[in-house]
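Visitor: Before we look at any detail, could you take me through the terms used for this model and show me, case by case, what each one rests on?
Guide: Gladly; let us set each value against its criterion and only then draw the conclusion.

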Amino acid sequence: MRNRQAQAAMAGALTATAALAALAPAATAAPTPLQEHQVRIEGIDRTLFEGPVRDHAGPVRTADDQAPQPCSAGGRPTPTRLAYSALALSGRTLGGPFDGGFGDYFLNRLGPDAPVYGVDGFWEVGVNTVGLSTGGCQRGLAAGDGVNWRVNAYPSLRVLRLDGPDGPGEATATTETGPPVGTATSSYVVTLDASPSLALTVREQTGAGADGFAPAAGIAVGTVTTDASGDGTTDVSGAPVSDAGGVVLLTYSAADAGWHRYKAQAGGALRSNRIDVCVRPSATDTTTCATPPADARARALPQFTEQDVDLGTVPVTGIGASRTVSVTNQGEVPVTVGGVRAAGSDADDLLLGASTCTNRALAPGATCTVAVRFAPSAAGARSATLEALLATDPEGLTPADVLTVTGTGGALPTGPAGPQGGTGPQGEAGPQGEAGTPGATGAGGARGPQGPAGAQGPAGPRGPAGKGVSCAASRGVLACRVTGRSSARRARLTRNGRVVASGRIGRLRLAHGQRLAAGRYTLRILDARGRAFLRVPVRVPAR
């Protein structure tokens with residue numbers, strides 16, 4: 001199935017995760033090995049890229065992105081990531097929006113080509129010559145998988161493959177997710193003193209998978225010219241055409257010494273993969289074709305050597321110790337680094353110092369370095385990135401690699417307390433302020449002790465006679481007389497709450513056989529309703 005998404009250009013900025021740590025310069029670590037893949041991008045009228053690319057799983061940033069987007073599957077490179085890297089190596093970008101719901105790009109431009117559906121065609125992608133049914137960011141690649149981006153048309157164009165005498169010229173699998181069948185060979189050497197000829201075979205895909213390629217007759221095999229930008233143009237004028245068995249026999253002479261490049265091309269068909277042929281006068285010749293063409297050797301974007309860098313905790317507004325971060329070229333072709341810049345939300349917290357990575361051409365295996373210091377502007381966790389830029393992309397639209405940098409802003413150190421100063425002279429009293437508003441009345445205080453009795457006053461006038469009670473006891477009868485209360489009729493004599501005698505006022509009878517003992521009693525005088533209205537203490541003297 002075709003994938004009509006235009007995969008986004010890989011954000012070629014070298015992203016280094018340089019953690020912000022107050023550490024001394026660290027020794028350069030060994031870079032993580034990269035996977036190598038054969039990448040081919042067939043544009044509308046020419047080949048935009050063809051050759052081996054070494055890469056790792058990384059983000060992609062198209063010209064429509066505000067920031068790089070994730071584009072790796074299972075931590076492995078993807079077809080879109082490889083297209084991004086391949087184009088970045090020639091100073092080009094991808095175009096197309098990222099769909100967050102789909103989790104992939106809808107690529108509409110690769111480099112200079114933006115085909116229009118129904119006019120020029122559309123972009124589709126295949127892995128090992130098998131079209132993808134998933135997005136270009138969703139297919140994780142194994143080492144050795146080949147990636148082919150191509151402008152197809154509707155109805156679908158024929159798919160061609162150009163093979164040499166040793167087998168397929170391009171990795172081909174049986175199923176979409178299967179590995180290549182056999183080993184693809186795209187480069188040959190012809191030694192004139194052994195045999196001046198080389199047979200190439202054109203095959204067309206007529207069925208599914210590796211077994212679906214059959215010899216194709218009448219297909220021209222033209223020469224390829226590659227310009228300085230990496231574009232390859234196929235010239236089929238006067239080119240030999242494949243016979244009934246799909247074979248084109250190429251014959252050379254001494255005048256043909258050197259490199260020759262071929263592709264199969266025909267109307268209504270997609271251009272095939274390229275076959276490179278070196279012609280040498282003799283087997284003992286080691287000079288001719290000693291160095292393969294640059295686009296036939298593995299290329300790689302510059303990569304940060306460090307995987308994670310922690311610059312630790314540095315006091316806010318302080319500056320941490322310098323840390324050296326390195327960038328290396330793991331390809332077989334020189335690549336020029338334009339520089340390293342700080343990016344991300346806390347980019348201002350990274351101070352870049354001495355650098356050997358400014359417009360620096362890195363030979364294969366060579367390394368450049370840049371010094372980094374952490375200067376946190378706020379407390380807490382801080383995060384930024386380092387981006388390595390290509391000289392072909394001075395604006396850094398496609399960073400070559402990105403290294404995440406983290407650190408922590410800490411509190412400023414506190415020194416010991418100084419000695420206490422002497423007491424200063426007392427200042428003058430300030431002016432009295434205005435009286436405030438009266439406050440609420442407070443709660444009353446406790447009652448004070450009773451004062452001493454005052455002097456006795458003069459005797460007052462004689463008052464009216466008060467009520468009086470007199471009692472006399474004889475032979476078990478207690479006779480009491482009450483004055484001043486005519487309504488009094490009955491009474492009770494009690495002692496310690498017990499009634500010892502009761503009856504009329506004039507005659508209270510004691511309990512049977514009881515005698516009044518000497519002591520204090522209480523006489524309760526009762527009214528007509530039997531209620532005590534007067535209590536009179538009575539003392540019975542001893543006999």
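Guide: In this predicted model, a place to begin is the hairpin that β34 and β35 form, with two residues between the strands.

Visitor: What makes β34 and β35 count as paired strands?
Guide: Two strands pair if at least two bridges are found between them, and β34 (residues 498-504) and β35 are joined over four bridges in the antiparallel sense, so the criterion is met. Within this pairing, G503 stands opposite L508 in β35.

Visitor: How do you know that the side chains along β35 alternate?
Guide: In strand β35 (residues 507-510), L508 and L510 point to one face and are buried, whereas R507 and R509 point to the other face and are not buried. That agrees with the general pattern, since in a regular strand the side chains alternate between the two faces of the sheet.

Visitor: Why are β22 and β26 said to stand at the edges of their sheet?
Guide: The open sheet is formed by four strands in the order β22-β24-β28-β26, with antiparallel pairing. β22 (303-304) and β26 (350-355) each have a single partner strand, so one side of each is left without a neighbour in the sheet. For β26, the pairing with β28 is antiparallel and runs over four bridges, and L351 stands opposite R373 in β28.

Visitor: Why is the pair of F98 and Y105 called edge-to-face?
Guide: Rings pair if their centres lie within 6.5 Å, and planes over 60 degrees apart count as edge-to-face. For F98 and Y105 the values are 4.9 Å centre to centre and 70° between the planes, so both conditions are satisfied. A search of the whole structure finds three aromatic pairs, and the pair of F98 and Y105 is one of them.

Visitor: Which of these words, buried or partly exposed, applies to F98, and which applies to Y105?
Guide: Buried means under 20% relative accessible area, and exposed means over 50%. F98 has a relative accessible area of 23%, and is therefore partly exposed, while Y105, at 0% relative accessibility, counts as buried.

Visitor: What makes up the largest nonpolar core?
Guide: This core has 26 residues, and those with the most contacts inside it are F304, V327, V340 and L386. Elements that each supply at least two of its residues include α1 (79-89), β24 (323-328), β28 (367-374) and β29 (380-390). Apart from it lies another core, of 25 residues, among them C71, Y84, L87 and C137.

Visitor: What is known of the lining of the largest pocket?
Guide: The largest pocket has a volume of about 520 Å³, and 28 residues line it, of which Q38, P52, G169, A184 and S186 lie nearest its centre. The largest share of the lining, four residues, comes from β2, and by class the lining has eight nonpolar, 13 polar and seven charged residues.

Visitor: How is the lining of the second largest pocket divided by class?
Guide: There the lining has nine nonpolar, six polar and three charged residues. The space in the second largest pocket is about 340 Å³, and its lining is made of 18 residues, of which L89, S90, R299, V333 and P334 lie nearest the centre. The elements giving two or more residues to this lining are β21 (299-300) and β25 (335-343).

Definitions and conventions:
Residues are numbered from 1 along each chain as its sequence is written. This is a predicted model: local features need pLDDT of at least 70, side-chain atom pairs count only at pLDDT 80 or more; totals for chains, interfaces and linings use all residues. Side-chain values use heavy atoms; hydrogens and water are left out. On a 1 Å grid over the protein atoms alone, a cavity is a set of points where a 1.4 Å probe fits but cannot get out, and a pocket is an open set with protein on both sides within 12 Å along at least five of seven lines; lining residues have an atom within 4 Å of a point. Grid points are joined across faces, edges and corners, and a volume is the space filled by probe spheres set on the points. Ala, Val, Leu, Ile, Met, Phe, Trp, Tyr, Cys and Pro count as nonpolar, Asp, Glu, Lys and Arg as charged, and the others, Gly among them, as polar. Buried means under 20% relative accessible area, exposed over 50%, partly exposed in between (1.4 Å probe, protein chains only). A nonpolar core is a set of buried Ala, Val, Leu, Ile, Met, Phe, Trp, Tyr and Cys residues joined through side-chain atoms within 4.5 Å. Rings of Phe, Tyr and Trp (its six-membered ring) pair if their centres lie within 6.5 Å; planes under 30 degrees apart count as stacked, over 60 as edge-to-face and the rest as tilted.
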